[in-house]
Amino acid sequence: MTDNKYERYILRDVKKPWPSFGPMNSDFLGGNPEFMKGIEGARPNFALYYVVRSGMFAEPPHSHYADEYLMFLGTDPHDMKNLGATVEIAFGEEWEKAEFSTSAMVYFPKGLQHCPIHVKKMDRPFLFGHFWPMGEDPVLVPAD
Amino acid sequence: MAERKDVNQYILAPEIKQYGDLQVFEFHGKDARGYDFGVQLTPVQALPQINEPPKAVDADRVNMYAGGDHQNIGALNAEIEISMGEDSETYTINSAAMTYVPKGVPYGHRVTGSTDKTSWVLTLTLPPKYITPEKPAN
């Protein structure tokens with residue numbers, strides 16, 4: 001007889017309608033608070049969804065008290081390096097810009113102002129999400 | 001005058017692994033304490049070619065199984081059998097789902113149905129839990 005002792009580690013209801021960021025994004029996938037609370041050894045803080053068209057992300061320039069990574073993941077399984085889009089991100093108070101069109105992890109060290117994020121060109125939707133390796137609460141510190 | 005850093009250093013390239021004509025995205029990093037973490041995005045169609053038996057690792061992991069259609073990210077278009085634990089308990093998922101794999105618990109996944117449409121599994125290998133320090137008393 002199977003006792004299903006690991007069923008509690010499987011969350012089958014992960015799709016959430018994206019609440020307010022408008023038509024650039026698909027529904028997103030994420031854990032619910034009860035499931036995440038049951039994770040004992042680590043503290044995953046992440047989400048996953050598609051960016052489906054070009055335009056500006058809604059987040060204004062800001063920084064955080066902890067390191068953050070953004071995941072830009074191409075969706076051609078035969079050419080994962082190719083993001084299928086061109087993205088420009090502004091860093092720092094002077095909005096110094098970096099542009100890329102490859103799959104990438106974008107690193108924001110704690111305290112470094114970032115945004116706006118501009119999807120300048122879209123050939124096909126890509127998967128996107130944030131990831132906080134240490135799981136801190138993502139306190140958003142607005143830019144001056 | 002403060003040294004000006006090239007912001008392109010913050011755009012970090014993954015390692016791309018090849019399995020037949022399919023590819024896997026992998027990234028390995030360290031958190032601010034020096035602990036390793038990892039991000040891997042695998043097309044579900046590649047699982048038969050990767051053909052990895054269940055294994056335990058010395059870190060907590062989460063897996064997010066996602067649909068390949070941006071208009072319906074919840075539709076997995078595949079049936080995946082998950083194996084967890086020393087006794088290889090099996091579970092089946094056929095829509096978007098998340099799994100948590102505690103450190104040291106053997107875990108594997110394999111496709112049991114059709115894989116003709118793209119879907120994904122995002123695997124995060126996590127550093128140990130960080131406890132936010134309490135604010136010092138005044």
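Begin by selecting strand 8 and strand 11 of chain A, which pair in the antiparallel sense over six bridges. The coordinates belong to a predicted model. Within this pair, display V87(A), which stands opposite V119(A) in strand 11 of chain A. As background, strands of a sheet pair through backbone hydrogen bonds, either parallel or antiparallel.

**The hairpin of strands 8 and 9**

Keep strand 8 (residues 82-91) of chain A on display and add strand 9 (residues 96-102) of chain A; six bridges join these two antiparallel strands. Next, select F91(A), whose bridge partner in strand 9 of chain A is E96(A). Which residue of the turn has a positive phi? Strand 8 and strand 9 of chain A form a hairpin with four residues between them, and G92(A) in that turn has a positive phi of about 80°.

**The loop at L112(A)**

Move now to L112(A), found in the loop between strand 10 (104-108) and strand 11 (114-122) of chain A. Show its surroundings: leaving aside residues up to four places away in sequence, L112(A) touches S63(A), F91(A) and G92(A). Two of these names have already appeared on the tour: F91(A) is the bridge partner of E96(A), and G92(A) lies in the hairpin turn. Why does L112(A) count as partly exposed? The reason is that L112(A) has 17 C-beta neighbours inside 10 Å, whereas a buried residue would need 20 or more and an exposed one would have 12 or fewer. From here, draw a distance to L127(A): the two leucines are 15 residues apart in sequence, and their C-alpha atoms are 24 Å apart in space.

**Strand 12 of chain A**

Select strand 12 (126-131) of chain A. This strand is largely enclosed by the rest of the structure, because five of its six residues are buried. Add strand 4 of chain A, which is joined to strand 12 of chain A by three bridges and runs antiparallel to it. In this pairing, Y49(A) stands opposite F128(A). Then add strand 7 of chain A, which is also antiparallel to strand 12 of chain A and is joined to it by five bridges. Here the residues to label are Y69(A) and F131(A), which stand opposite each other.

**Where chain A meets chain B**

Bring both chains into view. Their contact takes 52 residues from chain A and 53 residues from chain B. Strand 3 (25-29), strand 4 (48-51) and strand 7 (68-73) of chain A are among the strands that each supply at least two residues of the side of chain A that touches chain B. Which strand of chain A gives the most to that side? Strand 10 of chain A does, with five residues. Coloured by class, the side of chain A that touches chain B shows 31 nonpolar, nine polar and twelve charged residues.

**A sheet across the two chains**

To finish, select strand 1 of chain A and strand 8 (residues 97-101) of chain B, an antiparallel pair with two bridges. I10(A) stands opposite T99(B), and L11(A) stands opposite M98(B). Extend the selection to the open sheet of seven strands, in the order 1(A)-8(B)-5(B)-10(B)-4(B)-3(B)-2(B), with antiparallel pairing. Its edge strands are strand 1 of chain A and strand 2 (15-19) of chain B, each of which pairs on one side only.

Notes. Residues numbered from 1 in each chain as written. Chains lettered and ligands numbered in written order. Predicted model: local features only at pLDDT ≥ 70, side-chain atom pairs only at ≥ 80, totals over all residues. Contact = placed C-beta atoms within 7 Å. Pairing = 2+ DSSP bridges. Nonpolar A, V, L, I, M, F, W, Y, C, P; charged D, E, K, R; others polar.
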